[in-house]
Amino acid sequence: VKPQPEPALTKTTEQPAVETNIPKPETQSAPQTQQSATAKLELAAVEPTKAGSKPAPVQPPKTVKSPAPADPVQQAEKLYRQSGNSQSALMRRESLEEVLQLDPRHLAARQQLLKILVQEHADLALKQFLDESLAWFPDNLGFITTLAHYHVQQKNFAAAIETLERVDSFRINDPHYLALLAASYQQQQQFSQAQTVYQKLTQLHPEKAENWLGLGICADKLQ
C-alpha cells in the first residue's frame, strides 16, 4: 500500500487586530473606599487620647432671660391713667381700688376714690377708707376734714374734735375745717375754744353771717 501524501497546509493570512473604542469597565473601588474610611474611624475610636491633649470644653446651655417684672408703682400709674376712660362710676371705682392695691401711696387715686365714696353715701366703706387713708397720710387735711364731717353727721362730736385736732388748727385757714371745728366745740359746750375759732372765721370771711352768729352765741355762753 502506498502511503497517502499529507495534505498541504493552507496558509492563513493573519488579520491585523482592530482597535475598538469600547471603554473597559472601571474597577469599582467605591466599596473599598467606604471600608477604608470606616476602618480609620474605628481606629480613631480605639486609639487612646494622646498625653497632654485637653478635651474640648463643654459649653453650658444658653438660658433665655425672662423679662423683669414691671414695677408696681409704674403699673399703678398706668392703670390710674386708664381709669379715666371708664364709662361708669362702678368700673372707675374698681380700677382705682386696683391702683391702690398696687401702690397704696397713690394720693391722686385715693382722692378720686374718696369723691366716689362720698357721692355713693357708702358710710361704712367711707369710714374704713378714711381710716386707711389717714394711716398712710396722717396730716392730709382733705382726709381729716372728710372724716370729721362723717363724725358730725353721726352726732359724734367728740370723735370729730379728736380727728380735727390731729393737726394744728392755728396754722390752718381752710374755712370748712374751721367751721367743723368751731361747731364741734360748741356742741361739746367748749365755748372758749369755739369762740377762738369763730373769731378767726370772722376775720377770714367777714361776709358770712353764720360766723358772727356763732361768735355771738359763744360770747353769750361765756358771760
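What follows is a chat between a biologist and a modeller about a predicted model of a protein.

Biologist: Let's start with the basics: how many helices and strands does the protein have?

Modeller: This is a predicted model, and in it the protein has ten helices and zero strands. Read from the N terminus on, the elements therefore run α-α-α-α-α-α-α-α-α-α.

Biologist: And what share of the residues counts as buried?

Modeller: Of the 223 residues of the protein, 27% count as buried. As for how the chain contacts itself, if you take the contacts with a separation of 6 or more, 42% of them are between residues 24 or more positions apart.

Biologist: Which residues touch the most other members of the largest nonpolar core?

Modeller: That core has 39 residues, and the ones that touch the most other members are Leu164, Tyr177, Val197 and Tyr198. The element that gives the most to this core is helix 8, residues 175-187, which supplies six residues.

Biologist: Stay with Leu164 for a moment: where does it lie, and is it buried or exposed?

Modeller: Leu164 lies in helix 7, and its relative accessibility is 0%, so it counts as buried. If we leave aside its neighbours within four places in sequence, Leu164 is in contact with Ile144, Ala148, Tyr177, Leu180, Leu181 and Ser184.

Biologist: How many residues apart in sequence are Leu164 and Leu178?

Modeller: Leu164 and Leu178 are 14 residues apart in sequence, and from C-alpha to C-alpha they are 9.0 Å apart in space.

Biologist: OK, on to helix 6 and helix 7: at what angle do they pack?

Modeller: Helix 6 (residues 141-153) and helix 7 (residues 157-164) pack at an angle of about 170°, and their axes are 7 Å apart. That angle makes helix 6 roughly antiparallel to helix 7, because angles over 145 degrees count as roughly antiparallel.

Biologist: Which residues meet there?

Modeller: From helix 6 there are Ile144, Leu147, Ala148, His151 and Val152, and these meet Phe157, Ala159, Ala160, Thr163 and Leu164 in helix 7.

Biologist: Tell me about Val152, then: what does it touch?

Modeller: Not counting residues up to four places away in sequence, Val152 touches Phe157, Ala160, Leu180 and Ser184. The C-alpha atoms of Val152 and Ser184 are separated by 7.5 Å, with the two residues 32 residues apart along the chain.

Biologist: Is Val152 buried or exposed?

Modeller: Val152 falls in between, since its relative accessibility is 21% and it counts as partly exposed; buried would mean under 20%.

Biologist: And Thr145, buried or exposed?

Modeller: Thr145, which also lies in helix 6, is buried, with a relative accessible area of 5%. Apart from neighbours within four places in sequence, Thr145 is in contact with His176, Tyr177 and Leu180.

Biologist: Changing topic to the loops: what is the phi of Lys155?

Modeller: Lys155 has a positive phi of about 60°, although it is not a glycine. Lys155 is found in the loop between helix 6 and helix 7, where it is exposed, with a relative accessible area of 63%.

Biologist: And what about Gln189, where does it lie?

Modeller: Gln189 lies in the loop between helix 8 and helix 9, the latter being 191-204. Gln189 has a positive phi of about 60° and is not a glycine, and at 62% relative accessibility it counts as exposed.

Biologist: How many aromatic pairs does a search of the whole structure find?

Modeller: The search finds one aromatic pair. The rings belong to Phe137 and Phe143, with centres 6.3 Å apart and planes at 50°, so the pair is tilted. Both Phe137 and Phe143 are buried.

Biologist: Last one: how do helix 4 and helix 5 cross?

Modeller: The axes of helix 4 (residues 107-120) and helix 5 (residues 123-136) come within 10 Å and cross at roughly 160°, so the two helices are roughly antiparallel to each other. Their crossing is left-handed.

Biologist: Which residues of helix 4 and helix 5 meet?

Modeller: In helix 4 they are Arg110, Leu113, Leu114, Leu117 and Val118, and these meet Ala125, Leu126, Phe129, Leu130, Glu132, Ser133 and Trp136 in helix 5.

Terms used: Residues numbered from 1 in each chain as written. Predicted model: local features only at pLDDT ≥ 70, side-chain atom pairs only at ≥ 80, totals over all residues. Heavy atoms only, no water. Core = buried A, V, L, I, M, F, W, Y, C linked by side-chain atoms within 4.5 Å. Buried < 20%, exposed > 50% of the residue type's maximum accessible area, 1.4 Å probe, protein only. Helix = DSSP H or I, 4+ residues; strand = E, 2+ residues; numbered from the N terminus. Contact = heavy atoms within 4.5 Å. Phe/Tyr/Trp six-rings, centres within 6.5 Å; stacked < 30°, edge-to-face > 60°. Axes fitted to C-alpha atoms, helices over the stretch in contact; angles between N-to-C directions. Parallel < 35°, antiparallel > 145°, perpendicular 65-115°, else oblique. Left-handed = near helix turned anticlockwise from the far one by under 90°.
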